[in-house]
Amino acid sequence: MTILVTGATGSVGRLVVDELLALGAPVRALTVDPDRAKLPAEAEVVVGSLAKPSTLPLEGVDAVYLAPMARTVRKFCELATDAGIKRVVALSGSSVGDDHEGSSGNEYGAVEKAVREAGFAWTFLRPGVFMNNTLDWAPMVRAGEAAMAYGDATQTPIDLGDIAAVAARVLTSEGHIGQTYVLSGPEAISLRGQVSTLESVLGKEIRFRELTRDDQRAQWVGYGVPESAVDWILGGFEETLRHPQVPTGVVEELLGRNGTTYAEWAAARREVFG
């Protein structure tokens, strides 16, 4: 069964390629620049992009790992249907929620809606916040002070490797058609708690300085982040102050092992933060 991995050089897709190859699955890895991609020799590396669905090499593909691309997802669905593809595992996001299912007003919701309506044997993966997001803290951590708003906002960050492992398992095993999996890390931890974990892992003092919402907003807007995105992120933090997230346990159930903790993730990236 040949599996097409779209976004094969993306933060999750690249890891999906490795996980599928480790399971012995034939992989067709999609990239716009094969020379720079440096994908494993075991993968069939092909040129194409979800942004230009007409470039997709769909012939002979049995299943697709679909990276999010709301703008072109309907054209992808049309071409994949014509090519006889039956199985699609789509990376979505926990922001869809019940309120956005079937909605085109949310990027992930639009992808899910298109895939569902196309009639594929689908599975949706809805991870929450990524541990990798805190790589942006590295300059602050190296300077010994982490300044951010909503220090007590409690989330369940997940390692990208766990998302990829779930995607590979779902693509290569039975029993997942029509399932929506909400993925989380194994622990609920606040932003302040993540900084404290980095202190322990790095063996250095990192002072936590609480910013106001307005200060944080102005900082991110100054960095060039769109205002709508800034407000959405800050709104999410506010929500987890009122309703702290709890682990879903889905990663552990599907993989039969513990999910990666924030401490384990941070320890593997000491050089980045140190």
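Where is the place of K38? In this predicted model, K38 sits in the loop between α2 (34-37) and β3. Its phi is near 55°, a positive value in a residue other than glycine. K38 is exposed, because its relative accessible area is 68% and the class begins over 50%.

A positive phi also occurs at Y150, which is not a glycine. The value there is about 60°. Y150 belongs to the loop between β7 (145-149) and β8 (154-155). Y150 is buried, since its relative accessible area is 10%, and the class covers values under 20%. K38 is thus exposed, whereas Y150 is buried.

Y150 is also a contact of E238, once neighbours of E238 within four places in sequence are left aside. The other contact of E238 under that condition is R213. E238 is placed in helix α10 (residues 227-242). With a relative accessible area of 25%, E238 is partly exposed. M140 lies 98 residues from E238 along the chain. The C-alpha atoms of E238 and M140 are separated by 22 Å.

A second pair distant in sequence involves V272. This residue is placed in helix α13 (residues 270-273). V272 and V141 are 131 residues apart along the chain, and their C-alpha atoms are separated by 9.7 Å. Residues up to four places away in sequence not counted, V272 touches L135, A138 and R142. V272 is partly exposed, with a relative accessible area of 36%.

Helix packing was examined for α1 and α7. Helix α1 spans residues 13-22 and helix α7 spans residues 160-172. Their axes are 8 Å apart and make an angle of about 50°. The two helices are therefore oblique to each other, as the angle falls outside the ranges under 35, 65 to 115 and over 145 degrees. The crossing of α1 and α7 is right-handed. On the α1 side, the contact is made by L15, V16, E19 and L20. On the α7 side, the contributors are L160, G161, A164, A165, A167, A168, L171 and T172. By class, the contact of α1 with α7 has 9 nonpolar residues, 2 polar and 1 charged.

Charged pairs were then considered. Side chains of opposite charge can pair when their charged atoms come close. A search of the whole structure finds 16 salt bridges. Three of the pairs are described below, together with one network.

Helix α1 also holds a salt bridge, between the side chains of D18 and R14. The N to O distance is 2.7 Å. Why are D18 and R14 separated by about one helical turn? The two residues are 4 residues apart in helix α1, which accounts for that separation. D18 counts as partly exposed, at 33% relative accessibility. R14 counts as partly exposed too, at 22%.

E44 forms a salt bridge with R28, and the closest N and O atoms are 3.1 Å apart. This pair links distant parts of the chain. E44 is in strand β3 (residues 44-47), and R28 is in strand β2 (residues 27-31). The two are 16 residues apart. Are these partners buried or exposed? E44 is partly exposed, with a relative accessible area of 38%. R28 counts as buried, because its relative accessibility is 11%, and the limit for burial is under 20%.

The third pair lies in helix α5 (residues 107-118). E112 forms a salt bridge with R116, the closest N and O atoms being 3.8 Å apart. This separation satisfies the cut-off, as a salt bridge requires nitrogen and carboxyl oxygen within 4 Å. E112 and R116 are 4 residues apart, so about one helical turn separates them. E112 is buried, with a relative accessible area of 0%. R116 counts as partly exposed, at 28% relative accessibility. Salt bridges that share partners also join R74, K113 and E117 into one network.

Methods
Residues are numbered from 1 along each chain as its sequence is written. This is a predicted model: local features need pLDDT of at least 70, side-chain atom pairs count only at pLDDT 80 or more; totals for chains, interfaces and linings use all residues. Side-chain values use heavy atoms; hydrogens and water are left out. Axes are lines fitted to C-alpha atoms, for helices over the stretch in contact, and angles run from 0 to 180 degrees between N-to-C directions. A crossing is left-handed if the near helix is turned anticlockwise from the far one by less than a right angle, and right-handed if clockwise. Contact means heavy atoms within 4.5 Å. Ala, Val, Leu, Ile, Met, Phe, Trp, Tyr, Cys and Pro count as nonpolar, Asp, Glu, Lys and Arg as charged, and the others, Gly among them, as polar. Buried means under 20% relative accessible area, exposed over 50%, partly exposed in between (1.4 Å probe, protein chains only).
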